[in-house]
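Hi,

Here is the structure I promised to pass on to you. Have a look at it first, and then read my notes underneath.

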Amino acid sequence: MTATNHALTGAILGLAVGNPWVALPAAFVSHFVCDAIPHYDVSHGSNEEKIASRTFFYVQIVGGLIGCVALVAVLVISQPAHWLLACICAFLAASPDLLAIPRFQSVKRGGKDLLDRWWFWRFHHNIQWFQKPIGWPVELAWFAGALILIRPFMI
């Protein structure tokens, strides 16, 4: 899933649950549940080629950052009940992708993907059994559904 969809899922959990003891771990776990669903990713050969591509950078990194910042801005401006918890949950839901930064840095420096160096990276990679360009309708449907679900909290 894109970072924006992860963040929306986490924010909805924070707004709906309202209890940090439940919402925070649920938001983190939601990342892996969402990644297990077939979803979009850029089309390239190896992990190294994918990570090094401009499409990956602009769609996944820049687009995800813009979407997450926009979501947090809307929550801060509108301040619905549990808005701060929703912001933290949005970050937690997207955060597992941040743990892959060393992999991206290694590839960008001309090295190999460090996927096999840590069990967490392998786990996170393996649950994403279907991530292809054709997965964009799932991403779009998830985004639309999330907007529908979050709307009542914003009123």
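Below is what I found in it, starting from the inside and moving to the surface and the loops.

One thing to keep in mind is that this is a predicted model.

Let's begin with the core. The largest nonpolar core has 14 residues, and Ala11, Leu71, Leu75 and Ile150 are the ones with the most contacts inside it. Four helices each give two or more residues to this core: H1 (3-17), H4 (54-78), H5 (83-94) and H8 (136-154). H1 provides the largest share, with six residues. There is also a second, separate core of seven residues, and Phe32, Ala100, Leu114 and Phe120 are among them. As background, nonpolar side chains tend to be buried together in soluble globular proteins.

If you want one residue to click on, try Leu75. Leaving out residues up to four places away in sequence, Leu75 touches Ala11, Leu15, Pro80, Trp83, Ala86, Cys87 and Met154.

H8 is worth a look too. Its buried residues are Glu139, Ala146 and Ile150, and H1 and H4 are among the elements that cover them. I also checked the length of H8: with 19 residues at 1.5 Å a residue, H8 should span 27 Å, and its end C-alpha atoms are 26 Å apart, so the two agree.

Now for the outside. Which residues make the nonpolar surface patch of about 420 Å²? They are Leu99, Trp118, Trp119 and Phe123. Leu99 sits in the loop between H5 and helix H6 (101-108). With a relative accessible area of 37%, Leu99 is partly exposed, because that label covers values from 20% to 50%.

The loop between H4 and H5 holds two residues with backbone angles to check. Gln79 is in that loop and has a phi near 45°, a positive value in a residue other than glycine. His82 lies in the loop between H4 and H5 as well, and its phi, near 70°, is again positive in a residue other than glycine. Gln79 counts as partly exposed at 46% relative accessibility, and His82 counts as partly exposed at 41%.

Last, a residue in helix H4: Ala70. At 39% relative accessibility, Ala70 counts as partly exposed. Ala70 and Lys132 are 62 residues apart in sequence, and their C-alpha atoms are 25 Å apart in space.

Cheers

Terms used: Residues are numbered from 1 along each chain as its sequence is written. This is a predicted model: local features need pLDDT of at least 70, side-chain atom pairs count only at pLDDT 80 or more; totals for chains, interfaces and linings use all residues. Side-chain values use heavy atoms; hydrogens and water are left out. A nonpolar core is a set of buried Ala, Val, Leu, Ile, Met, Phe, Trp, Tyr and Cys residues joined through side-chain atoms within 4.5 Å. Buried means under 20% relative accessible area, exposed over 50%, partly exposed in between (1.4 Å probe, protein chains only). Contact means heavy atoms within 4.5 Å. Patches are made of residues with over 30% relative accessible area and no salt bridge: like charges are joined within 9 Å, nonpolar side chains (Val, Leu, Ile, Met, Phe, Trp, Tyr) within 5 Å. Accessible areas come from the Shrake-Rupley method with a 1.4 Å probe; for residues, only the protein chains shown count as cover. A salt bridge is a side-chain nitrogen of Lys or Arg within 4 Å of a carboxyl oxygen of Asp or Glu. The expected span of a helix is 1.5 Å times one less than its number of residues.
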